[in-house]
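Work through the exercises below with the sequence and the 3D structure at hand. Each task is followed by a solution in steps.

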Amino acid sequence: MTTQDLQKKYRPHLHFAPKKNWMNDPNGMVYFEGEYHLFFQYNPNDSVWGPMHWGHAVSKDMITWEELDIALYPDENGTIFSGSAVVDWENTTGFFQEKPGIVAIFTHHLDGAEGEPPTQSQSLAYSYDRGRTWTKYEGNPVLSHQTKIDFRDPKVFWNKETNKWVMVLATGQTISFYTSTNLIDWEFESEFGDGHGSHDGVWECPDLFKLNVEDSKEEKWVLLVSIGDNPQFDNGSRTQYFIGKFNGSTFTPDHSSIKWLDFGKDNYAGVSFSDVPEEDGRRIYLGWMSNWRYANEVPTGDWRSQMTLPRELSLRKSDGDCKVIQHPVKELAAYFSQIEEIHNVFVSDNEPKKYHVKDSYLEIILNLERVNASQFGITLHHTKEQSTSITFDSTEKVMSLDRQKSGEIDFSTNFPHEQKLKMENINNIQLRIVIDSSSVELFVNDGEYALTSLIYPDKVCEELSIFALDGEIEIKNSQILSPTK
Ligand code: FRU
């Protein structure tokens, strides 16, 4: 297959991917003057990771993106690692005499001389023209550290409660909090992480924000922490989160358990948009849809990586436990309009119900009621030979996604490994699936669990089959949604 064919076959319709070359983390996500901005870790010279720049794309709805020129290039302080962007509404920096504009806060990464470790420090750049061109601050870097080698990925927000900027920074196996009144002078506040959460890999790309608990007036702080790939474990890179309190200086979690944001392999380094207008009020997140374990090897030719769908986040409490809930943003609905309804259909042992489909992307909403089946689920038949299966096992109380037969898999021995999650209850399942050219995103039980997985089939889908083993299930109020033409 030629590079051009690969470019086309796996190229997503609903997800951002660069036209060419390598991309990793989403950076500098900010809403300003009617546009969502997505900057991203970008190597413009190759389709593998290399000297990092900030690529740039804009969108009105976070689904269709226009890729723009590179925003930030490496300079004498180093290459441009991950970071965030904010609108400086009150001109706290003094950069914006005439009208508010965007400030990017990012990590400068400088390789050390032979045998020496690299240096990482935080720097600023600002834009007067809606992110199209950038000026680096002449006093860069604005924050360095004498001894910490991993000192990166600043996420900054304006804390209304203290009237200060807060920077959340990944510092090895901890997250450090800094504050500032002008984005230039930073004061250390505290460090969080010792004895908390998973330390399976280096801590990276944090984010901190408040979320509403559904159906209540209660709000809690959520701290996202991505953890890097560690060859000792199977999972590769993944993201954990903490729920708790933040008093402007210190974060205190409410729980001692480890909480994972996504049970699939392909959602990493995600953070949220800054400056979404208050009238909108959403906290919108998206992640890099890949895994450091095999990201450099995925079979997409001369472009590599795509982002997850943007997701609206909230909190849900049940049985005293609190979870982050994820739903694809409502803007996605405009991309689907043909609806096939499935009501009150019984599926019995070994007689799957089959539905023909032929679109370039799909959404499926399933409400499955287990009557007495021991296992049930749905298989996405991409072609006669290629399929991806989602199975609920009621004895084990486990949901799993199997991509062993999903198409190209042999670029990494880790890629075919099963992806699964333990559930409290497997009787009534609500499952929302979004399938694009090379990905499947699952949202289970109204957003309570997410599972994001890349796949590389020859075709998106020819047929869906809903199956039950050792017993029956009932399909209720379900839908297959096809693209708006
Ligand atoms: C996370 C990460 C960040 C770093 C960037 C470099 O995927 O390792 O910690 O800033 O990628 O590209």
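A residue counts as buried when its relative accessible area is under 20%. The model used here is predicted.

**Exercise 1. Classify the ring pair of Phe157 and Trp221, and state whether each residue is buried or exposed.**

Step 1. Start with the description of a pair. Two aromatic rings are described by the distance of their centres and the angle of their planes.

Step 2. Get the total. The whole structure holds 38 aromatic pairs.

Step 3. Apply both values to this pair. The ring centres of Phe157 and Trp221 are 5.8 Å apart, which is within the 6.5 Å limit for a pair. Their planes stand at 40 degrees; stacked pairs need under 30 and edge-to-face pairs over 60, so this pair is tilted.

Step 4. Place the two residues in the chain. Phe157 belongs to strand E9 (residues 152-159) and Trp221 to strand E14 (residues 219-227). They are 64 residues apart, and the pair links distant parts of the chain.

Step 5. Check accessibility. Trp221 has a relative accessible area of 9%, under the 20% cut-off, so Trp221 is buried. Phe157 has 15% and is therefore buried as well.

**Exercise 2. Describe the surroundings of Ser226.**

Step 1. Locate the residue. Ser226 is part of strand E14, the strand that also holds Trp221.

Step 2. Judge its exposure. The relative accessibility of Ser226 is 1%, so Ser226 counts as buried.

Step 3. List polar contacts of the side chain. The Ser226 side chain contacts the side chain of Thr239 at 2.9 Å. The Ser226 side chain also reaches the backbone nitrogen of Ala269, at 3.1 Å.

**Exercise 3. Find which residues form a ring cluster with Tyr10, and which rings have an arginine over the face.**

Step 1. Follow the ring pairs. Tyr10, Tyr294, Phe411, Phe415 and Tyr456 are linked into a cluster.

Step 2. Turn to the arginines. Arg11 lies over the face of Trp303, 5.0 Å from the ring centre. Arg238 lies over the face of Trp260, with 3.8 Å to the ring centre.

**Exercise 4. Work out the strand order and the edges of the sheet that contains E9, then of the sheet that contains E5.**

Step 1. Write the order of the sheet with E9. Its four strands run E9-E10-E11-E12 in an open sheet with antiparallel pairing.

Step 2. Identify its edges. E9 and strand E12 (187-192) each pair on one side only.

Step 3. Add the angle. Neighbouring strands in this sheet are turned against each other by 25 degrees on average, direction ignored.

Step 4. Look at one pairing inside it. Strand E10 (residues 164-170) and strand E11 (residues 175-180) are joined by six bridges, and Val166 has Thr179 as its bridge partner in E11.

Step 5. Repeat for the sheet with E5. Four strands form an open antiparallel sheet in the order E5-E6-E7-E8. Strand E5 (79-87) and strand E8 (135-136) are its edges.

Step 6. Examine the pairing of E8. Two bridges join E8 to strand E7 (residues 119-127), where Tyr126 stands opposite Thr135 in E8.

**Exercise 5. Trace the partners of strand E27.**

Step 1. Define the strand. E27 covers residues 375-381, and five of its seven residues are buried.

Step 2. Name one partner. E27 pairs with strand E28 (residues 387-393) in the antiparallel sense over seven bridges. A hairpin of five residues joins E27 to E28, and His381 has Ser387 as its bridge partner in E28.

Step 3. Name another partner. Strand E34 (residues 463-469) runs antiparallel to E27, joined to E27 by seven bridges. Here Leu380 stands opposite Leu464 in E34.

**Exercise 6. Which residues are closest to the ligand, and how many surround it?**

Step 1. Count the residues. The ligand is surrounded by 13 residues, and the closest are Asp25, Gln41, Arg152, Asp153 and Glu204.

Step 2. Read the side-chain distances. An N or O atom in the side chain of Asp25 is 2.7 Å from an oxygen atom of the ligand. For the side chain of Gln41 the corresponding distance is 2.6 Å.

Step 3. Include a backbone distance. A backbone N or O atom of Ser82 is 3.2 Å from an oxygen atom of the ligand.

How values were computed: Residues numbered from 1 in each chain as written. Predicted model: local features only at pLDDT ≥ 70, side-chain atom pairs only at ≥ 80, totals over all residues. Heavy atoms only, no water. Phe/Tyr/Trp six-rings, centres within 6.5 Å; stacked < 30°, edge-to-face > 60°. Buried < 20%, exposed > 50% of the residue type's maximum accessible area, 1.4 Å probe, protein only. Lys NZ or Arg CZ within 6 Å of the ring centre and 35° of its normal. Pairing = 2+ DSSP bridges. Axes fitted to C-alpha atoms, helices over the stretch in contact; angles between N-to-C directions. Near = heavy atom within 4 Å. Polar contact = N/O pair within 3.5 Å; in protein donor to acceptor, adjacent residues only side chain to side chain.
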